[in-house]
Amino acid sequence: MPSHSRPEPPRTGRPRSVAADEAILEATRASLVDLGWSKLTMGDVASRAGVAKTTLYRRWAGKNELVVDAVAVLFDELELPDLGSLSADVQAVVLQFAALLERPETRTALMAVVAESTRDEALRTRIRDSIVDRQKRLVLQGRRRAQERGELPVEQDAAMAATTADLIFDVIAGAVVHRTLVSAERVDADWARRFTVLLLAGLGAAASA
């Protein structure tokens, strides 16, 4: 007797509104800039976004999750251009990243969640999952292109390749975040060029080793 797949039960409740989500995340970033982390409340965000507070709690368990998602969508704007060489690609994404960090809503939100995460392991995990791991796509994409061009060797050991990708991400993100947010210095085209020279020299040495 032929088996029949059971139909999926119909979804209940109202579908999520993309426009409402965008308004909520934008309101969250605006609240952070105006009020800071300690004074930001779900009620204030709901009021700014023009939605009921219950709408926020249906989507996010609390302020921590909401703020991380509000930051994460900003980093999703980053794209790695294909400019024909690894050096040009790296310089372009470094300048994009720095420009994003210079925006008040990004700077305030990122520093707030990072500071709060020192006391909240679950928040630190959410930052890693929603921001750090998602943005490693840029490193993987850039490395794959460079390998296809013959600029970088293909690492046969998958575990070592993953470790190298993590290290590349840490070096780029750490340098740009430190210069922009800690040292409060501009990341201009000349700095991006010199940083890229240093990075690629290190990658060459690592490949030789």
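**Salt bridges, a buried threonine and the largest pocket**

A salt bridge joins the side chains of Asp89 and Arg145, with an N to O distance of 3.8 Å. Asp89 belongs to helix α5 and Arg145 to helix α7, so the pair ties together parts of the chain that lie 56 residues apart in sequence. Both Asp89 and Arg145 are buried. The model in which this pair is found is predicted, and 19 salt bridges are present in the structure. Side chains of opposite charge can pair when their charged atoms come close.

Two further salt bridges involve helix α7. In one of them, Lys136 pairs with Asp133, and the closest N and O atoms are 3.7 Å apart. These two residues are three positions apart in helix α7, which means that about one helical turn separates them. Lys136 is buried, because its relative accessible area of 18% falls under the 20% limit. Asp133, at 35% relative accessibility, counts as partly exposed.

In the other, Glu155 pairs with Arg143, and the closest N and O atoms are 3.4 Å apart. Glu155 is placed in the loop between α7 and α8, whereas Arg143 is in helix α7, so this salt bridge ties together parts that are 12 residues apart in sequence. The relative accessible area of Glu155 is 28%, which makes Glu155 partly exposed. Arg143 has a relative accessible area of 13% and is therefore buried. Salt bridges with shared partners also link Asp82, Asp89, Arg145, Arg149 and Glu151 in one network. The Asp89 and Arg145 pair described above is thus part of that network.

Towards the N terminus, helix α1 spans residues 18–35 and includes Thr28. The relative accessible area of Thr28 is 0%, so this residue is buried. Apart from neighbours within four places in sequence, the contacts of Thr28 are with Leu40, Val45, Leu66, Val67 and Ala70.

The largest pocket holds about 740 Å³ of space. Its lining is made up of 34 residues, and those nearest the centre of the pocket are Phe97, Phe169, Ile172, Ala173 and Gly174. At least two lining residues come from each of five helices, namely α5 (86–102), α6 (104–117), α7 (121–149), α8 (158–182) and α9 (189–208). Helix α7 gives the most to this lining, with 10 residues. By residue class, the lining comprises 25 nonpolar, four polar and five charged residues.

Confidence in the prediction varies along the chain. The mean pLDDT of the protein is 88, and 89% of the residues score at least 70. Confidence is highest in α5, with a mean of 96, and lowest in α9, with a mean of 83. Both of these helices supply residues to the lining of the largest pocket. Over residues 1–14 the pLDDT stays under 50, and for this segment the model has zero contacts beyond four places in sequence.

Conventions
Residues numbered from 1 in each chain as written. Predicted model: local features only at pLDDT ≥ 70, side-chain atom pairs only at ≥ 80, totals over all residues. Heavy atoms only, no water. 1 Å grid on protein atoms, 1.4 Å probe; cavity = no way out; pocket = protein on both sides within 12 Å on 5 of 7 lines; lining within 4 Å. Points joined across faces, edges and corners; volume = space filled by probe spheres on them. Helix = DSSP H or I, 4+ residues; strand = E, 2+ residues; numbered from the N terminus. Nonpolar A, V, L, I, M, F, W, Y, C, P; charged D, E, K, R; others polar. pLDDT = per-residue confidence, 0-100. Contact = heavy atoms within 4.5 Å. Buried < 20%, exposed > 50% of the residue type's maximum accessible area, 1.4 Å probe, protein only. Salt bridge = Lys/Arg side-chain N within 4 Å of Asp/Glu carboxyl O.
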